Amino acid sequence: MTGLLYKTIRTNWGKILGFFIGCMFYPTAFAILFRDPKNMEDLEGEVTMLMWGLCAFMTFLIGGVFQDSIFNDDERKKWAHFVTSTPTGIKGQIGSKYLIALLWSMLTVTMLMLLNSFAKDGNEELGDGTVVFIGFFYIQLLMRSIEFPLMARFGSKMGKTMKIVIVGVIAFIAFVYMLFGDTSSFKDLDALWDSLFKAMADPEKMKKAALWFSIITAVVIPIYYLSYRLSVRWYLKGVESYEK
């Protein structure tokens, strides 16, 4: 698998660098700008938390596009049959993609936390986005756990279409719930946000959040591994859907 991992990184080095610069542009600009307390005169820590969240959303969204593009780079029948005949076989081919996606997510969340520390060193009033970054990290792994097996089984185009359909169904269910379900808890959104921000500023509640993240880790990582196993099992079936 080491050779396949090197091959993927070597042939996509320009793409990796370009996506990484694109991912880190917004959070880096935010960290540099708000490291100076003078630039926060009219802003509260809660507002900067929202801005950290927006930065994290954009960063992981762009990163997700990169991870998808890496996974479907080798959608060629000749390559698929060749890699099947190698010693590492399908497990090495799929495993290298999953490993790169995991390393990318780990690098992203690490860089965001470093930028967060850099900004807070110069401005203690700045909101701490660590919890937000870790949350997006797990969401990204969960999204790839769902998407990669679909792409392995049905090809990238059909796999992405199925993902959109699944997300659309979830959105439709949420929409129906908003129309006919109990939405009393969403009537006062300002109070909801205030309670959320106060919880994030409370050290005791953050300790509880850290405990929950430990539990989430124990759940998401096995799901990611099971997703890899499913992709391995479905890989050859998906090869038949390749156009060339």
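Visitor: Why are H1 and H5 called oblique to each other?

Guide: In this predicted model, the axes of helix H1 (residues 2-11) and helix H5 (residues 89-122) cross at roughly 55 degrees. Roughly parallel requires an angle under 35 degrees, roughly perpendicular 65 to 115, and roughly antiparallel over 145, with the rest counted as oblique. The crossing of H1 and H5 fits none of those three ranges, and the two helices are therefore oblique. Their axes come within 9 Å, and H1 passes H5 in a right-handed crossing.

Visitor: Which residues make the contact of H1 and H5?

Guide: Leu4, Leu5, Thr8 and Ile9 take part from H1, while H5 contributes Gly92, Gln93, Ser96, Lys97, Leu99 and Ile100. Sorted by class, this contact of H1 with H5 holds five nonpolar, four polar and one charged residues.

Visitor: What makes H2 roughly parallel or roughly antiparallel to H5?

Guide: The angle decides: the axes of helix H2 (residues 13-34) and H5 cross at roughly 25 degrees. Because angles under 35 degrees count as roughly parallel, H2 is roughly parallel to H5. The axes of H2 and H5 come within 9 Å, and the crossing of H2 past H5 is right-handed.

Visitor: Where do H2 and H5 meet, and how many residues of their contact are nonpolar, polar or charged?

Guide: On the H2 side are Ile16, Phe19, Phe20, Cys23, Met24, Pro27, Thr28, Ala31 and Ile32. They meet Trp104, Leu107, Thr108, Met111, Leu112, Leu115, Phe118 and Ala119 of H5. The contact of H2 with H5 divides into 15 nonpolar residues, two polar and no charged.

Visitor: Why does Asn116 count as buried or exposed?

Guide: Asn116, which lies in helix H5, has a relative accessibility of 3%. Buried means under 20%, so Asn116 counts as buried. Leaving aside residues up to four places away in sequence, Asn116 touches Trp52, Gly127, Asp128, Gly129, Thr130 and Phe133.

Visitor: What is the secondary structure of the protein chain as a whole?

Guide: The protein chain has eight helices and zero strands, and along the sequence its pattern reads α-α-α-α-α-α-α-α.

Visitor: What share of the chain counts as buried, and what share of its contacts joins residues 24 or more positions apart?

Guide: Of the 244 residues, 36% count as buried. Among contacts with a separation of 6 or more, 82% are between residues 24 or more positions apart. The chain exposes about 14400 Å², and carbon and sulfur atoms supply 70% of that area.

Key: Residues numbered from 1 in each chain as written. Predicted model: local features only at pLDDT ≥ 70, side-chain atom pairs only at ≥ 80, totals over all residues. Heavy atoms only, no water. Helix = DSSP H or I, 4+ residues; strand = E, 2+ residues; numbered from the N terminus. Buried < 20%, exposed > 50% of the residue type's maximum accessible area, 1.4 Å probe, protein only. Contact = heavy atoms within 4.5 Å. Areas by Shrake-Rupley, 256 points an atom, 1.4 Å probe, with all protein chains shown as cover. Axes fitted to C-alpha atoms, helices over the stretch in contact; angles between N-to-C directions. Left-handed = near helix turned anticlockwise from the far one by under 90°. Nonpolar A, V, L, I, M, F, W, Y, C, P; charged D, E, K, R; others polar.
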